[in-house]
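Trainee: Please take one part of this model and go through it closely, side chain by side chain. I would like to know what is paired with what, and how much of each residue is left open.

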Amino acid sequence: MQDTILNAFAEQAKTMYAPMSKFNTLFVDNMEKMTEFQLSAVKSYAEMGLDQMKKAADVKDAEGMRAYTAAQAEAASAMNKKIMEDAKAFSDMAMEFKSQVESIMEEARTTAATTATTAKPATKAASKAA
């Protein structure tokens with residue numbers, strides 16, 4: 001009788017903690033993915049900035065200055081495009097994470113409902129045997 005109750009409790013504990021474990025794994029994986037993405041983005045922005053500084057340092061005369069300033073609009077456009085692409089990619093990663101969390105939560109709800117309906121008869125049977 002006690003074994004039945006303890007086994008039911010142990011099974012419910014496993015069921016209760018499984019979604020939390022899945023969520024923690026998902027969270028760590030997502031943080032790693034987002035960190036790598038952000039580091040890559042910062043590196044590319046820094047490279048773009050350094051490239052512009054090198055081009056500015058290469059200006060030696062009026063003609064070089066004219067070419068440099070003309071290229072600045074193109075460089076600004078490229079930077080803006082990169083920022084927009086990165087923002088979209090980051091947003092997509094966040095939406096994917098949200099979807100995965102919702103999936104885990106739905107799975108936890110259905111599992112909890114199933115466990116609750118199967119645990120009630122076992123608990124009643126064990127208490128009647130006592």
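**Salt bridges, rings and a surface patch**

Mentor: Glu-106 has a relative accessible area of 40% and is therefore partly exposed, since that class runs between the 20% limit for buried and the 50% limit for exposed. This is a predicted model, so every value here is computed from predicted coordinates. The partner of Glu-106 is Arg-109, and the closest N and O atoms of this salt bridge are 3.0 Å apart. Both residues belong to helix H2, where three residues, about one turn of the helix, lie between one position and the other.

A second salt bridge joins Lys-98 and Glu-102, with 2.9 Å between the closest N and O atoms. Lys-98 and Glu-102 are also in helix H2, and because they are four residues apart, the separation is about one helical turn. Glu-102 is partly exposed at 44%, and Lys-98 is partly exposed at 41%. The count for the structure is nine salt bridges, and one of them is in helix H1, between Asp-51 and Lys-55, at 3.5 Å from N to O. This pair too is four residues apart, which means about one helical turn along helix H1. Asp-51 has 35% relative accessibility and is partly exposed; Lys-55, at 40%, falls in the partly exposed class as well.

The rings come next. A search of the whole structure gives four aromatic pairs. One of them is Phe-23 with Phe-97, at 6.4 Å centre to centre and 45 degrees between the planes, a tilted arrangement. Phe-23 is in helix H1 and Phe-97 in helix H2, which spans residues 62–129, so the pair ties together parts that are 74 residues apart in sequence. The tilted label follows because 45 degrees is neither under 30, as stacking needs, nor over 60, as edge-to-face needs. Ring pairs also bring in Phe-27, so that Phe-23, Phe-27 and Phe-97 form a cluster.

The two partners of the tilted pair fall into separate accessibility classes. Phe-97 has 17% relative accessibility and is buried, because the limit for that class is under 20%. Phe-23, at 31%, is partly exposed.

That has a consequence for the surface. Phe-23, Phe-27, Val-28 and Met-31 make up a nonpolar patch with about 350 Å² of accessible area together. A patch residue must have over 30% relative accessible area, so Phe-23 at 31% passes that cut-off, whereas Phe-97 at 17% does not. Phe-23 and Phe-27 are thus named both in the ring cluster and in the surface patch. Met-31, another member of the patch, sits in helix H1, which covers residues 2–57. The relative accessible area of Met-31 is 39%, so Met-31 is partly exposed.

One further contact concerns the relation between sequence and space. Tyr-17 is placed in helix H1 and is partly exposed at 48% relative accessibility. The C-alpha atoms of Tyr-17 and Ala-108 are 9.4 Å from each other, although 91 residues separate the two along the chain.

Taken together, the salt bridges described here are each about one helical turn in span, as with Asp-51 and Lys-55 in helix H1, Lys-98 and Glu-102 in helix H2, and Glu-106 and Arg-109 in helix H2. The pair of Phe-23 and Phe-97, by contrast, runs from helix H1 to helix H2.

Definitions and conventions: Residues numbered from 1 in each chain as written. Predicted model: local features only at pLDDT ≥ 70, side-chain atom pairs only at ≥ 80, totals over all residues. Heavy atoms only, no water. Patch = residues over 30% accessible without salt bridge, like charges linked within 9 Å, V, L, I, M, F, W, Y side chains within 5 Å. Areas by Shrake-Rupley, 256 points an atom, 1.4 Å probe, with all protein chains shown as cover. Salt bridge = Lys/Arg side-chain N within 4 Å of Asp/Glu carboxyl O. Helix = DSSP H or I, 4+ residues; strand = E, 2+ residues; numbered from the N terminus. Buried < 20%, exposed > 50% of the residue type's maximum accessible area, 1.4 Å probe, protein only. Phe/Tyr/Trp six-rings, centres within 6.5 Å; stacked < 30°, edge-to-face > 60°.
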